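Reader: I would like to walk through this model with you, one question at a time. Could you show it to me?

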Amino acid sequence: MKSFSLFLFSLVRVLMLVILSGYFLQMVEADGDFRTIYIIFAIPVFIVSHFIQMSNVRMNVRVVCSSVDFIMISGFGFLFPESGYLYLIFFGVLSTTVFLMYENKKLLGLLSGLFFAVWVIISLQIYAQTSVFSLSSNIVNGMFVFYGAFVGSLIRNFRNAKETISVQYGQLNESHEALQAVHKQLREYAEQVEQLTVIRERNEIAREIHDTVGHKMTALVVQLQVAHEMAERDAGKAKEVIAVCEQLTRDSLHELRVSVRTLKEDGRGMSFHEVLQELLDEFSAMTQMETSLSLNSDSSAIPSPLQPTIKRVVQEGLTNAKKHGNAGVCLVDIQVENTEIRLTIKDDGIGQKNIHPNFGLINMKERVAEHGGSFAIRSEEGEGFRIYITFPIEQEEVGVSV
């Protein structure tokens with residue numbers, strides 16, 4: 001479509017220049033008149049200049065061709081004063097071409113100034129030779145020049161706007177394709193995150209079961225094997241072992257219930273303080289060990305990623321206090337500061353001088369280390385057992401609710 005429009009414009013422009021030149025040729029009366037030679041020379045000059053300007057050449061070459069056209073058209077005005085202001089139609093064709101091809105305001109201003117100068121000079125020449133000055137002819141033919149310049153400017157602006165729209169459309173398509181690629185990548189990332197979340201949850205469940213129930217079930221199997229061996233040799237001893245097995249089974253069921261409750265999202269809208277208090281109350285009711293919880297701040301100040309770990313550590317600390325220390329009282333104290341959380345678990349159990357960390361203590365230490373925290377234990381015989389844990393927190397994390 002663009003090539004056809006350019007071809008049509010070129011065809012109309014050439015035809016107008018040739019037809020106008022032929023019209024001036026009819027004005028020549030005598031053969032061999034200089035003006036006949038001028039017209040015959042002007043027609044091929046117009047045609048060659050036209051095709052050079054319409055081709056893909058440098059701007060300075062086009063300016064030279066336009067200047068040649070300007071000179072040849074001016075010659076028609078000077079050589080044919082009897083035609084009046086008909087030469088201005090030539091300038092109308094030229095103005096359309098000039099304002100279509102050039103955007104340089106200085107160049108357009110220069111050509112416009114030269115046109116007005118030539119227009120005035122030729123008008124004075126016509127008046128000197130014919131003693132006639134026709135204002136209406138000047139206005140009518142001059143308006144054709146202005147109209148040509150206006151049309152050329154409109155076509156140039158339309159062409160530039162079309163090219164700009166084409167470029168923007170291409171950029172829009174590229175942006176759309178890029179957005180589609182990013183969307184696809186984000187969707188893939190979302191699927192990967194979902195898969196990793198599922199894997200993480202499965203690993204967490206597996207670790208909870210392994211940490212709470214697994215080691216008790218292992219001890220239960222060992223005790224059952226011992227009971228089987230003692231059944232025939234020492235019935236009393238076998239009964240004691242079976243009693244231990246029964247207690248291990250109860251403990252395992254309790255740990256399983258607590259673990260499931262810990263992993264399950266709390267849909268009752270309980271605060272973390274209430275969750276911990278419920279844990280202590282249930283443990284106290286089942287073991288007859290007195291428990292106490294102290295928290296110096298709103299539980300919402302504890303970052304949500306730390307809450308499951310703190311609950312699990314407290315749970316393990318209560319179990320150790322009763323199981324290994326035979327404690328009657330266990331105190332849990334949580335101090336929330338600007339940059340850290342300090343957790344202390346202490347009991348009045350039997351204590352021991354030489355501490356050999358069991359599976360539960362090792363697991364607690366590993367959980368604390370995952371959050372960059374510190375873990376320490378203190379104990380003396382007859383003075384109970386103490387666990388000191390510190391979790392670092394960032395300032396902006398304070399205030400995150402469950």
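Author: Happily! The protein has 10 helices and 5 strands, where helices (H or I, at least four residues) and strands (E, at least two) are DSSP runs, numbered from the N terminus. This is a predicted model, in which local features need pLDDT of at least 70, side-chain atom pairs count only at pLDDT 80 or more, and totals for chains, interfaces and linings use all residues. Residues are numbered from 1 along each chain as its sequence is written, and side-chain values use heavy atoms, with hydrogens and water left out.

Reader: What share of the residues in the protein is buried?

Author: Buried means under 20% relative accessible area, exposed over 50%, and partly exposed in between (1.4 Å probe, protein chains only). Of the 402 residues in the protein, the buried share is 37%.

Reader: In what order do the strands of the open sheet lie?

Author: Two strands pair if DSSP finds at least two bridges between them. The pairing in this sheet is mixed, and its edge strands, each pairing on one side only, are β1 (290-295) and β4 (374-379). The open sheet of 5 strands has the order β1-β2-β3-β5-β4.

Reader: Which residue in β2 stands opposite S292?

Author: β1 and β2 (residues 329-336) run parallel and are joined by 6 bridges. Opposite S292 in β2 stands L331.

Reader: Which residue in β5 is the bridge partner of L343?

Author: Here the strands β3 and β5 run antiparallel, with 7 bridges joining them. The bridge partner of L343 in β5 is I389.

Reader: Which residue in the turn of the β4 and β5 hairpin has a positive phi?

Author: β4 and β5 run antiparallel, joined by 6 bridges; S374 has T390 as its bridge partner, and I377 stands opposite I387. The hairpin leaves 5 residues between the two strands. In its turn, the residue with a positive phi, about 80°, is G382.

Reader: Which side chains along β4 are buried?

Author: The side chains of β4 alternate between two faces. S374, A376 and R378 point to one face and are not buried. Those pointing to the other face, which are buried, are F375, I377 and S379.

Reader: What angle does the direction of helix α9 make with that of β3?

Author: Axes are lines fitted to C-alpha atoms, for helices over the stretch in contact, and angles run from 0 to 180 degrees between N-to-C directions. Helix α9 (residues 307-323) packs on the sheet, touching β1, β2, β3 (340-347) and β5 (385-392); contact means heavy atoms within 4.5 Å. The angle between the directions of α9 and β3 is about 15°.

Reader: Which residues is T309 in contact with, leaving aside its neighbours within four places in sequence?

Author: T309 has its place in helix α9. T309 is buried, as its relative accessible area is 8%. Its contacts, with those neighbours left aside, are R367, H371 and F391.

Reader: Why do the buried residues of α10 lie on the same side?

Author: Those buried residues are G360, L361, N363, M364, R367 and V368. On the other side of α10, A369 and E370 are exposed. The buried ones are on the same side because they cover an arc, taken from the directions from the helix axis to the C-beta atoms, of only 160°.

Reader: How far apart are the end C-alpha atoms of α10?

Author: The expected span of a helix is 1.5 Å times one less than its number of residues. For the 12 residues of α10 (residues 359-370) that gives 16 Å, and the model agrees. The end C-alpha atoms are apart by 17 Å.

Reader: How many residues of α4 are buried?

Author: Helix α4 (residues 87-101) has 15 residues that should span 21 Å, which agrees with end C-alpha atoms 22 Å apart. This helix is mostly covered, and its buried residues number 15 of 15.

Reader: At what angle do the axes of α3 and α5 cross?

Author: The axes of α3 (residues 59-79) and α5 (residues 105-130) come within 10 Å. Residues in contact include V63 and F70 in α3, with L107 and L111 among those they meet in α5. Angles under 35 degrees count as roughly parallel, over 145 as roughly antiparallel, 65 to 115 as roughly perpendicular and the rest as oblique, so α3 and α5 are roughly parallel to each other. Their axes cross at roughly 10°.
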